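Trainee: I am new to this one. Could you show me how to read a few of its features?

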Amino acid sequence: MVNKKIAMVGTPCQILAASKIDYYEKETGGSPIDLKIGLFCMENFSYTYLKMFLKEKNIDLKDVNEFRIENNKFKVFLNNSIQEFSISQTNSFKRKNCDICTDYTSNLADISVGSVGSPKGYSTVIVRSKKGNKIIQELISNGNVSKKDLKEKALDLLIRISNKKINNNLENIKNRENNSHPVIYKRKVSDDEIAQLSNECQFDCLNGDVIKEGACVLCGACEFVCPIDIIQINERKPVKKGDCKEDCHACYYACPRTFATDKILPKYLDNEPIGEYLEIYSLKSNKNIGQDGGIVSEILLYLLDKDLVDGVSIVSEDDTNPWKPISKLTSSRDEVLKAKGTKYSTVPIGFKALK
Ligand SMILES: Cc1cc2nc3c(=O)[nH]c(=O)nc-3n(C[C@H](O)[C@H](O)[C@H](O)COP(=O)(O)OP(=O)(O)OC[C@H]3O[C@@H](n4cnc5c(N)ncnc54)[C@H](O)[C@@H]3O)c2cc1C
Ligand code: SF4
Ligand code: SF4
Ligand code: SF4
């Protein structure tokens, strides 16, 4: 697969993992990811604990048509009713690693997509790279999507929400660091020091610095880059089965929660709530697909139709466990359409399938 071109969809932490894998290509072997579509993300949930919470409320996941977080409420859409919970109630199933994450709008993606700021049925789309811009301009000019300008008030709201995530989580990071629980991806460390420290590290350091610290985002990057396939990710965390290869540090370099060089993750981004961008719009797919404006699915279908990529990495739903996310690498339009909608639980992204 490494000679092929893949588009990936992911949360900001998964986009950072993809960026690190490619930046540290010499150490990790690189990836075939050619286009990164990032989602906005305030938090993510554990599937097991979400299921338990809903069971206590007499809600079976198979009866849920949609989940949505709106106006500080976690909303569960059933056939004939909507059950609403306050955001504080989600703390029992929220993943604790999300408390130290300061990227709300996938600052490192080519195109970022979310709902905040746009009217119902539209997506807020932040175009960051020239490559991303070309795709969005073509989708607009060929009539696949409808466009609205993002209102100033909507942009203010997006910036406010993003700033809230940054400020709250910088505070959490400070508290963790003060209590001797390192949050090393946020530390200011020079490239030379990163190389020196990372070259001393194998999986055991990853375990100590990230996994045992509750910082693992369960992205699957470590599993993907391991040259001898000794990392396995269960529902909760990566584990190592076997002895490491001599002089290999690939998993440590790839992980989005180990040292991040300023060249990938500039520290000034903490003062740029929605990152750097070329354009920002409210867009809607004219096919009426998707969680919000269906823009993610529309972009993926376009890339496949025009043969611009060989496959797309998506998060679909497990056939036997309702709302359980599973990663897939596919070139099928039907699979892309089936994957539409937000699964509010963590899943190792399809890095492994890229092998
Ligand atoms: C965990 C999570 C938290 C989010 N939080 C916010 C938020 O706080 N504010 C906000 O504005 N938007 C948030 N979003 C984004 C929002 O829910 C929509 O995904 C986004 O607006 C795109 O809508 P769409 O109609 O264009 O996508 P669609 O066309 O419906 O496509 C959705 C795509 O998302 C991918 N996907 C679904 N679930 C996951 C997952 N768990 N992990 C990775 N990829 C997945 C699928 O591969 C699919 O291709 C969140 C998304 C996720 C996954
Ligand atoms: S760490 Fe949590 S909040 Fe941050 S991008 Fe990943 S899932 Fe979203
Ligand atoms: S061999 Fe060891 S150090 Fe290298 S990627 Fe695999 S687990 Fe990590
Ligand atoms: S330990 Fe592995 S799965 Fe966890 S965040 Fe790091 S790379 Fe991702």
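Mentor: Let's start with Lys-120, which sits in the loop between β6 and β7 (123–127). Keep in mind that the model is predicted.

Trainee: Is Lys-120 buried or exposed?

Mentor: The idea is to count neighbours: a residue with 12 or fewer other C-beta atoms within 10 Å is called exposed. Lys-120 has 9 such atoms within 10 Å, so Lys-120 is exposed.

Trainee: How far apart are Lys-120 and Gly-293, in sequence and in space?

Mentor: They are 173 residues apart along the sequence, while their C-alpha atoms lie 8.0 Å apart in space.

Trainee: Now the ligands. Which residues come nearest to ligand 1?

Mentor: Start with the shell of residues around the ligand. For ligand 1 there are 34, and Met-42, Gly-114, Gly-290, Ser-297 and Val-315 come nearest.

Trainee: Which element gives the most to that shell around ligand 1?

Mentor: That is α10, with 3 residues. At least two residues each come from β1 (6–10), β6 (111–114), α10 (295–305) and β12 (311–317). By class, the shell around ligand 1 holds 17 nonpolar, 14 polar and 3 charged residues.

Trainee: And how many residues surround ligand 4?

Mentor: Read it in the same way. Ligand 4 is surrounded by 16 residues, with Cys-216, Cys-219, Ala-221, Cys-222 and Cys-255 the closest. Both α7 (203–211) and α8 (221–225) supply at least two residues of this shell, and the largest share, 3 residues, comes from α7.

Trainee: What classes of residue make up the shell around ligand 4?

Mentor: There are 14 nonpolar residues, 1 polar and 1 charged.

Key:
Residues numbered from 1 in each chain as written. Chains lettered and ligands numbered in written order. Predicted model: local features only at pLDDT ≥ 70, side-chain atom pairs only at ≥ 80, totals over all residues. Near = placed C-beta within 6 Å. Helix = DSSP H or I, 4+ residues; strand = E, 2+ residues; numbered from the N terminus. Nonpolar A, V, L, I, M, F, W, Y, C, P; charged D, E, K, R; others polar. Buried ≥ 20, exposed ≤ 12 C-beta atoms within 10 Å, placed from the backbone.
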